[in-house]
Amino acid sequence: MTKRALSVAVLLCSCAAIRPAPTDGAALLAHAQADLAAGRDEDAAREFDQLLERDPRSLPALRGRIEASSRRGDLAKVASDAAGAAQARPADGTAFYALGLARFAEGNAAAAQAALTKAAELMPGEADVPYRLGLLLLEKRDLPEAHERLHRAVELGPAVARYRIALAVCLGRTGDRAGALQSLREIPALQPSAEEALLAVRAGRDLADPFRDAPPEIRHDLENALGYLSGDAPGLALEILESAVERFPRLAIAHALLALAAQRLEEPARAAGELKRAAELAPDLPQPRIWLGELYQSTDRFEMAAQEYAAALEVAPLEPSTLRRLGSLRLERLGQPAAALPPLRDAAALDAGDASLQILVARAELAAGAVPGGLARLDRLVSGRPEEAEVLVGVAGALFERSASAGQAERARLTRRVVALCEKAMELQPRSPAAARLLAQAQASSAIRRD
């Protein structure tokens, strides 16, 4: 997809920006959006037209119709209809909204801006209008005006993740990194869609780019050093990075990469020292903290590792791997299930499709006393993936773990469930050693209780 096509898709996208009420119209909208996402453009166009017959002012349907027409090659007709509607109904904000999106899809940014600005005047309480206008202005690099519009969208729609992500991108480009991070911190609690989560993680990583302050004259050396590190030649990388640090003693990423080379050469003390120096030089970079945490974790200094991961998340709150590391460490090594829950839940919100992560969250919930939530999470996994043996075994393992601290009646129920899940897993995957082992443990536990 070209950059221009991607911009159009983002501007028009209606996947989760507004979550409609559960009505028949909402079901049809969801079906149309699913068809559009799957490339069934003819079906989607027909369904969006049906929605607009019911409600000509449905903003999600207008967006979907324009995107579908753009894909089908009949955008000119839809844009002409939109222009006619705006001319015939000069007080109808939705007509100008549709015209703005159509003009943008055609590549006419000036006309799109004019139409969306008019729509914003006519619909001052509709959050999606300043959001779409803000995206357009962001692409034009009119950052002050984009910030004003996107901030207004967040004010009107505080629970819409997509609005906050766009505002964070804008704030980052204006140099307000603290404001951008604050906007991103809210995202996991809003239960973003998969697309929104991906956009949020990308925005966070852009803010945490460790090479952003590297002078142009050193970038080639750093790239070479990275190549040697990835190619299992840390000694060659070390020579380059030592020279880089000598030339640019305050360049944090050079110290951090030097630490990686030292660690690969089994010089952990030097590696730790260089990472600490990098963290001092650039406290807003997460990488030195993350790598220092990994170093501590590899030497069983779990409390120190957790502190470094937590520090990294202060400056990069939407890094799924770091959230998972911190949560797992607190749960499995430090015995702190309640403290493990916040980072694990955030990680799961950003990667809802990762079943192993969902099981990890459920284990923390069960261990922390949030038993109904943990059991419900595991039930959703089983009902959603009934034919995946690894998921069934993972769920069974979490339930068996819970049974050890449960009361007698609950323990019996959980054990029966574990047995059933393991038996189903072995039907799906007869040679699964994990399922066989857990099944034997559950049956032995049940036999001991009967005796």
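## Helices H3 and H4

In this predicted model, helix H3 (residues 41-54) packs against helix H4 (residues 59-72). The angle is about 150°, and the axes lie 9 Å apart. Angles over 145 degrees count as roughly antiparallel, so H3 is roughly antiparallel to H4. The crossing of the two is left-handed.

H3 brings Asp41, Glu42, Ala45, Phe48, Asp49, Leu51 and Leu52 to the contact. H4 answers with Pro60, Ala61, Leu62, Gly64, Arg65, Ala68, Arg71 and Arg72. By class, the contact has 8 nonpolar, 1 polar and 6 charged residues. Phe48 of H3 also belongs to the largest nonpolar core, among the residues with the most contacts inside it.

## Valine 78

Helix H5 (residues 75-88) holds valine 78. Is this residue buried or exposed? Its relative accessibility is 8%. The cut-off for buried is under 20%, so valine 78 counts as buried.

Leaving aside residues up to four places away in sequence, valine 78 touches Arg65, Ile66 and Ser69. Arg65 is also one of the H4 residues in the contact with H3. Ile66 is listed among the residues with the most contacts inside the largest nonpolar core. Alanine 102 is 24 residues from valine 78 in sequence. Their C-alpha atoms are 7.4 Å apart in space.

## The chain as a whole

The chain has 25 helices and 0 strands. Its C-alpha atoms fill a box of roughly 80 × 70 × 35 Å along the principal axes. Of its 451 residues, 50% count as buried.

Consider contacts between residues at least 6 apart in sequence. Of these, 55% join residues at least 24 apart. The C-alpha atoms of proline 216 and glycine 407 give a long-distance pair: they are 191 residues apart along the chain and separated by 64 Å.

## Nonpolar cores

In soluble globular proteins, nonpolar side chains tend to be buried together. Here the largest nonpolar core has 121 residues. Phe48, Ile66, Tyr97, Leu222, Leu241 and Leu251 have the most contacts inside it. Another core, of 27 residues, lies apart from that one. Its members include Ala362, Val418, Cys422 and Leu439.

## Helices H15 and H16

Two packed helices are described by the angle between their axes and the distance between the axes. For helix H15 (residues 252-264) and helix H16 (residues 268-281), the angle is about 165° and the distance 8 Å. The two are therefore roughly antiparallel. Their crossing is left-handed.

From H15, the contact takes Ala252, His255, Ala256, Leu258, Ala259, Ala262 and Gln263. From H16 come Arg270, Ala271, Glu274, Leu275, Arg277, Ala278 and Leu281. The classes are 9 nonpolar, 2 polar and 3 charged residues.

## Loop residues

Most residues other than glycine have a negative phi. Glutamate 266, in the loop between H15 and H16, is not a glycine yet has a positive phi of about 60°. At 71% relative accessibility, glutamate 266 counts as exposed. Glutamine 191 also has a positive phi, near 50°. Its loop runs between helix H11 (177-185) and helix H12 (194-207). Glutamine 191 counts as exposed, at 53% relative accessibility.

Glycine 407 is found in the loop between helix H23 (389-403) and helix H24 (408-428). How exposed is glycine 407? Its relative accessible area is 40%, so glycine 407 is partly exposed.

## Helices H22 and H24

Which way does helix H22 run against H24, parallel or antiparallel? H22 (residues 371-384) and H24 pack at an angle of about 20°, with axes 14 Å apart. Angles under 35 degrees count as roughly parallel, so H22 is roughly parallel to H24. H22 passes H24 in a left-handed crossing.

Val371, Leu375, Asp379 and Val382 make the contact from H22. Glu410, Leu414, Arg417 and Leu421 make it from H24. These residues divide into 5 nonpolar, no polar and 3 charged.

Terms used:
Residues numbered from 1 in each chain as written. Heavy atoms only, no water. Core = buried A, V, L, I, M, F, W, Y, C linked by side-chain atoms within 4.5 Å. Buried < 20%, exposed > 50% of the residue type's maximum accessible area, 1.4 Å probe, protein only. Axes fitted to C-alpha atoms, helices over the stretch in contact; angles between N-to-C directions. Helix = DSSP H or I, 4+ residues; strand = E, 2+ residues; numbered from the N terminus. Parallel < 35°, antiparallel > 145°, perpendicular 65-115°, else oblique. Left-handed = near helix turned anticlockwise from the far one by under 90°. Contact = heavy atoms within 4.5 Å. Nonpolar A, V, L, I, M, F, W, Y, C, P; charged D, E, K, R; others polar.
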